[in-house]
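Q: I'm new to this structure and would like a close look at a single part of it. Could you walk me through one strand and its surroundings?

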Amino acid sequence: MGEAETWPAYLELFEEGRLAELADKFTARLSECDLCPRLCKVNRIGGELGFCRGGERALVASYGPHYGEERPLVGVRGSGTIFFAGCNLGCIFCQNYDISHGLAGKESSPEELSEIMLQLQSIGCHNINLVTPTHFLPQILSALVLAVEGGLRLPLVYNCGGYELAGILREMDGVVDIYMPDFKYWDEEVAESYSQAPDYPRRARDALREMHRQVGDLQVDDGGIARRGIILRHLVMPEGIAGTAEVAEFVAEEISKGTYFNLMDQYYPTYKASQYSQLSRRINRDEWNEALQEARRAGLRRFD
Ligand code: SF4
């Protein structure tokens, strides 16, 4: 755990030839897709689509330097963000629903995706920030091999919804330097109602344990830029439905009190949220203050 001997971490796998092997191994999974907890087992190479609606090729919705992410990612030159279309969650309050559910994206080959990574590096971004990457892991790994051959040396940010298979993450050990998962809910019924994923809480807990085992707490360089570790996001929701107290306690007790915990206040009702009374408004000041206190009471000492 902690600082890898080589940085970014994937260089070691690349030099040993294991990155290309991993890309091939993951690509083979597309013919009976089991990349995430949905375990759809569809043949994506043969044109079938599962819950996420991702096919054989990566769907890139947009890319570019992004200045709205957490400070350790943005620095002065921005985070090199690549937004993928489709998602393995079905959140009815999704703020990017045109991308995640509407599939607004361009099919991209590994060569094209690697060019995007290199372009983001050439304009000075501090990292390659893969947004909603889970369902396109094989394509990302194939592109990464080409990008490293072309000179990529930026760390990868795995920016996901937290609905991951710990076993898949384990196989990827050594690829990602910075994990940035959400931890959306503590309660299974809430996760089922609002994201169609009753197993979300336990999947997110297992994923977080594995991510922390690999990269540990967030480490930054002298300029405050993220080098390695976890940035955890938790969106505070109305009426306490996200289970902020329980999430904070779990993180403090079972992951680390030094976890960089980004408590977010920007929930607003969008997509289908207004159809659900609990979700039809923003949070109020009392709910926000309570969430802050819950994080502090849990013992977390590093949160925004
Ligand atoms: S990545 Fe997509 S197709 Fe594969 S198991 Fe997950 S939701 Fe299903």
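A: Let's start with a pair of residues: His-234 has Leu-263, in strand β9, as its bridge partner. The two strands involved here are β8 and β9, which run parallel and are joined by five bridges. To get from β8 to β9, the chain passes through helix α10 (residues 244–255), and this β-α-β crossover is right-handed. Please keep in mind as you look around that this is a predicted model.

Another pair on the same border is Leu-232 and Phe-261, where Phe-261 is the partner that lies in β9. Strand β9 itself covers residues 260–264. How many of the residues of β9 are buried? Five of the five are, so this strand is largely enclosed by the rest of the structure. In a regular strand, side chains alternate between the two faces of the sheet. In β9, Tyr-260, Asn-262 and Met-264 are on one side, while Phe-261 and Leu-263 are on the other. These residues are all buried, and both faces of the strand are covered.

Now turn to β8, which spans residues 226–235. Nine of its 10 residues are buried, so β8 too is largely enclosed by the rest of the structure.

Strand β8 also pairs with β6 (residues 178–181), and these two run parallel, with two bridges between them. If you want a place to find this pairing, look at Ile-178, whose bridge partner in β8 is Gly-229.

A further neighbour is β7, made of residues 219–220. Two bridges join β7 to β8 as well, but here the strands run antiparallel. Gln-219 stands opposite Arg-228 of β8. The strands β7 and β8 form a hairpin with five residues between them, and in this hairpin Gly-224 takes a positive phi near 80°.

So what does the picture around β8 look like when you put the pairings side by side? Strand β6 runs parallel to β8, β7 runs antiparallel to β8, and β9 runs parallel to β8.

Before you leave, take a look at the ligand, which sits in the largest cavity. The residues around the ligand include Cys-33, Cys-36, Cys-40, Cys-52 and His-135. Arg-38 and Arg-44 are also among them. By class, this shell is made up of eight nonpolar, two polar and two charged residues.

Key
Residues numbered from 1 in each chain as written. Predicted model: local features only at pLDDT ≥ 70, side-chain atom pairs only at ≥ 80, totals over all residues. Heavy atoms only, no water. Near = heavy atom within 4 Å. 1 Å grid on protein atoms, 1.4 Å probe; cavity = no way out; pocket = protein on both sides within 12 Å on 5 of 7 lines; lining within 4 Å. Sits in = over half its atoms within 2 Å of the grid points. Nonpolar A, V, L, I, M, F, W, Y, C, P; charged D, E, K, R; others polar. Buried < 20%, exposed > 50% of the residue type's maximum accessible area, 1.4 Å probe, protein only. Helix = DSSP H or I, 4+ residues; strand = E, 2+ residues; numbered from the N terminus. Pairing = 2+ DSSP bridges. Right-handed = clockwise from strand over helix to strand, strands pointing away.
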